[in-house]
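User: Please go through this protein with me in questions and answers, stating the cut-offs as you use them.

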Amino acid sequence: MGKIPISLRSAIPKTAKMKKPPLVPAASPSPSEKSCHFPKKKLSELAEKTKLPVSPGTHQQKPLFKSPELDDAKKLFHSVISTTRAPLDLRFHNSFLQSYASISTIDNSISLLHHMVKALPSFTPERSTYHILLSQSCRITASSLSPVHQILNLMVNNGFEPNQVTVDIAVRSLCSVGREDDAVELVKELSLKHSKPDTYTYNFLVKCLCKCKALSTVYNFIDEMRSSFDIKPDLVTYTILIDNVCNSKNLREATRLVGILRECGFKPDCFVYNTIMKGYCVLSRGSEAIEVYKKMKEEGVEPDLVTYNTLIFGLSKSGRVTEAKKYLKIMVESGLFPDAVTYTSLMNGMCRKGDALGALGLLAEMEEKGCSPNSCTYNTLLHGLCKGRLLEKGIELYLVMKEGGMKLETASYATFVRALCREGRVADAYEVFDYAVESKSLADVAAYSTLESTLKWLKKAREQGLAV
């Protein structure tokens with residue numbers, strides 16, 4: 001990411017000045033001129049990943065099907081089987097069908113499968129073949145599950161009872177297109193007639209329901225699956241629920257769920273405690289977060305890096321930096337090494353308390369201990385330095401960020417531009433605007449809107465004699 005300047009620490013001399021660019025934003029450089037912070041993937045690797053299934057012995061990279069017409073698909077299949085000498089295995093047939101299914105109707109996909117079997121008797125569809133059609137039937141826009149039932153019936157008639165893999169594919173495909181209600185209906189139906197979902201599918205569906213349904217709906221689903229099919233929630237299920245209620249700031253419900261979790265014979269693990277702690281920290285309730293930490297220790301659950309980072313973040317956010325540093329010390333003594341998240345959280349807290357220079361010192365300490373700051377670290381410091389009226393330090397830090405190709409975050413960009421304009425350095429503000437646009441830190445409209453509003457403020461402040 002680059003070293004800190006000499007006045008900050010070591011790279012940019014104190015005399016470093018920002019170039020004064022033209023007021024009109026410069027044209028964006030061509031892709032070949034831009035520096036890339038991360039290594040680019042080789043074009044050959046990219047091409048390899050984007051290849052569509054083809055017959056053995058060929059190197060086709062273009063789309064396999066140019067149209068969804070069934071006749072065209074049949075002709076292409078005949079062309080492949082008549083010109084290929086190598087045996088065509090199940091993998092090829094499935095890939096051929098899947099490529100066509102991605103652009104065709106479900107009825108045409110079924111017709112193509114029947115044609116493939118008839119044209120090449122050596123090809124025998126397996127369960128995986130029908131799963132391709134099942135996934136397609138779930139992803140189409142439909143007012144009912146009729147297309148899904150059509151494929152399930154096709155499977156059964158050909159000797160393949162739906163199993164847990166079938167249930168999983170159907171649930172994930174339905175949820176991927178926002179059909180969670182249909183997924184619930186299908187799971188109940190398959191659990192009754194064929195196969196219950198495994199714990200992974202069950203918890204996946206619970207998580208999807210938590211994102212788009214009321215909590216009561218999720219609870220009803222869990223209760224029905226338990227009473228009707230003896231599928232009970234496990235530790236992962238309760239963790240998903242606790243995370244959901246914590247995100248909605250319903251910490252009372254989170255505490256109740258922990259009680260139920262215990263009653264069911266589960267012991268809260270580190271992830272559960274971290275989730276609840278995160279909920280308190282989001283609300284800047286540091287004292288409650290500390291109580292969760294103490295409860296962990298009492299229960300014999302060893303805090304991990306996420307635990308300490310969450311606690312340090314919460315305490316720093318609520319202005320309790322001294323306590324946050326105390327837990328940083330405890331963290332190190334327990335054998336855990338602070339990372340960029342740890343230090344950035346502390347810096348944010350110090351900047352909030354007006355100690356931006358202290359946060360800058362923490363950056364030096366961070367590098368000395370071999371922990372590399374990230375873009376968020378620099379943006380946090382830039383925002384804090386500008387808020388603390390330490391513009392020159394902010395400029396030096398910005399130059400390091402620019403040299404390293406780091407993007408500006410919205411808050412730090414806005415604060416920096418305002419600080420420059422407040423000091424009458426409008427040309428420099430335009431230069432920062434240029435960089436924000438060229439580095440794609442912000443959308444052009446957002447970057448310009450911030451600059452425009454700042455210039456309007458500056459004009460008004462000058463008229464009132466409040467700015468230079």
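The exchange below goes from the whole chain to single residues.

Analyst: This is a predicted model, in which local features need pLDDT of at least 70 and side-chain atom pairs count only at pLDDT 80 or more, while totals for chains, interfaces and linings use all residues. Residues are numbered from 1 along each chain as its sequence is written, and side-chain values use heavy atoms, with hydrogens and water left out.

User: How many helices and how many strands does the protein have?
Analyst: Helices (H or I, at least four residues) and strands (E, at least two) are taken as DSSP runs and numbered from the N terminus. Counted in that way, the protein has zero strands, and its number of helices is 23.

User: Where in the protein is confidence lowest, and where is it highest?
Analyst: The predictor's confidence in each residue is given by pLDDT, which runs from 0 to 100, and its mean over the protein is 85, with 86% of residues at 70 or more. Confidence is lowest, at a mean of 33, in helix α1 (residues 43-49), and highest, at 97, in helix α7 (residues 164-176).

User: Over which residues is the pLDDT below 50?
Analyst: The stretch in question has 67 contacts in the model beyond near neighbours in sequence, where contact means heavy atoms within 4.5 Å. Where pLDDT is low, the predicted coordinates should not be read in detail. The pLDDT is below 50 over residues 10-61.

User: What percentage of the 468 residues in the protein is buried?
Analyst: Buried means under 20% relative accessible area, exposed over 50%, and partly exposed in between, with a 1.4 Å probe and protein chains only. On that basis the buried share of the 468 residues is 46%.

User: At what angle do helix α11 and helix α13 pack?
Analyst: Axes are lines fitted to C-alpha atoms, for helices over the stretch in contact, and angles run from 0 to 180 degrees between N-to-C directions. For α11 (residues 235-247) and α13 (residues 270-282), the axes lie 9 Å apart and the angle is about 5°. Because angles under 35 degrees count as roughly parallel, over 145 as roughly antiparallel, 65 to 115 as roughly perpendicular and the rest as oblique, α11 is described relative to α13 as roughly parallel.

User: Which residues of α13 are met by α11?
Analyst: From α11 the contact draws on Leu 235, Thr 239, Ile 242, Asp 243, Cys 246 and Asn 247. The α13 residues that they meet are Phe 271, Val 272, Thr 275, Ile 276, Lys 278 and Gly 279.

User: Which residues is Val 426 in contact with, leaving aside neighbours within four places in sequence?
Analyst: Val 426 has its place in helix α22 (residues 426-438), and its relative accessible area of 18% makes it buried. Its C-alpha atom is separated by 9.5 Å from that of Leu 458, 32 residues apart along the chain. With neighbours within four places in sequence left aside, the contacts of Val 426 are Leu 455, Leu 458 and Arg 462.

User: Is Ser 284 buried or partly exposed?
Analyst: Ser 284 lies in the loop between α13 and α14 (286-298), and its phi is positive, about 60°, although Ser 284 is not a glycine. Its relative accessibility is 32%, so Ser 284 counts as partly exposed.

User: Is Lys 440 buried or exposed?
Analyst: Lys 440 belongs to the loop between α22 and α23 (444-463), and its phi is near 60°, a positive value in a residue other than glycine. With a relative accessibility of 57%, Lys 440 counts as exposed.
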